[in-house]
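This report describes the fold of one protein chain, beginning with a single residue and then widening to a helix and the chain as a whole. Please keep the structure in view while reading.

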Amino acid sequence: MKVIIVNSPKNNISPQKLQILVNRICRYFLAQKIRNKILLTQKKELTLVFLKLSEMKNINRQFRKKNKPTDILSFQSADPNSLGELLLCTDVLKEQAVRHGHPFNDEVTYMLIHGLLHLLGYDHEASPNEEKLMFRLQDKCFNDLLV
């Protein structure tokens, strides 16, 4: 899957590493029993957009009615070749990495897994069971990829 990067975070993670990372996550998902994984073979691209705090706050307020920045937002695409768009807030990801005690790249990995699961139809806000399922899949993928 081709990864299109908008506003790549400077000096943090290269476009090449992001491409490799997304491909690793997609290959991992294809080997698992997850919903809508066929989309990973049908769709040809994914867009990653890196935003500043103020930009993410505005978009989060507009689409989720939450007046604060967030780490990642996922949006389906009207383009039949695209899996969708993942909007990531570099500043929030940096704060979370410090809080979780791991490198920035690991936080990006964790949130890309999260965003891709959303694009595949998972929604942790839908129900407690869906939340458990999504986070279990997310944590397993993250742990398996870091080994």
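## Ser82 and its surroundings

Ser82 has a relative accessibility of 4%, and because residues under 20% count as buried, Ser82 is classed as buried. The model is a predicted one. Ser82 lies in strand β4, which covers residues 82–89. From this position, the side chain of Ser82 reaches the backbone nitrogen of Gly84 at 3.1 Å. When neighbours within four places in sequence are left aside, the contacts of Ser82 are with Lys43, Glu45 and Ser77. One of these residues, Glu45, belongs to strand β2, which runs over 45–51.

## Helix α3

Strand β4 is also one of the elements against which the buried residues of helix α3 pack. The helix comprises 12 residues, 53–64; at 1.5 Å a residue it should span 16 Å, and its end C-alpha atoms are indeed 16 Å apart, so the expected and modelled lengths agree.

Which residues of α3 are buried? They are Met56, Ile59 and Asn60. These three cover an arc of only 100° around the axis, and therefore they lie on the same side of α3. The buried residues of the helix pack against three strands, listed below with their residue ranges.

| Strand packed against by the buried residues of α3 | Residues |
|---|---|
| β2 | 45–51 |
| β3 | 72–75 |
| β4 | 82–89 |

After α3 comes Lys65, a residue whose phi is positive, near 60°.

## The chain as a whole

Helix α3 and the strands it packs against are part of a chain whose secondary structure consists of six helices and four strands. Read from the N terminus, the order of elements is β-α-α-β-α-β-β-α-α-α.

How does the overall size of the chain relate to that of a compact globule? For 147 residues, such a globule would have a radius of gyration near 15 Å; the chain has 14 Å, which agrees with that expectation. Along the principal axes, the C-alpha atoms fill a box of roughly 35 × 35 × 35 Å.

Burial and contacts complete the description. Of the 147 residues, 44% count as buried. Among contacts with a separation of 6 or more, 62% are between residues 24 or more positions apart. The accessible surface of the chain amounts to about 8,000 Å², and carbon and sulfur atoms account for 52% of this area.

Conventions: Residues numbered from 1 in each chain as written. Predicted model: local features only at pLDDT ≥ 70, side-chain atom pairs only at ≥ 80, totals over all residues. Heavy atoms only, no water. Helix = DSSP H or I, 4+ residues; strand = E, 2+ residues; numbered from the N terminus. Expected span 1.5 Å × (residues − 1). Buried < 20%, exposed > 50% of the residue type's maximum accessible area, 1.4 Å probe, protein only. Arc of directions from axis to C-beta. Contact = heavy atoms within 4.5 Å. Rg over C-alpha atoms; globule rule 2.2 N^0.38 Å. Areas by Shrake-Rupley, 256 points an atom, 1.4 Å probe, with all protein chains shown as cover. Polar contact = N/O pair within 3.5 Å; in protein donor to acceptor, adjacent residues only side chain to side chain.
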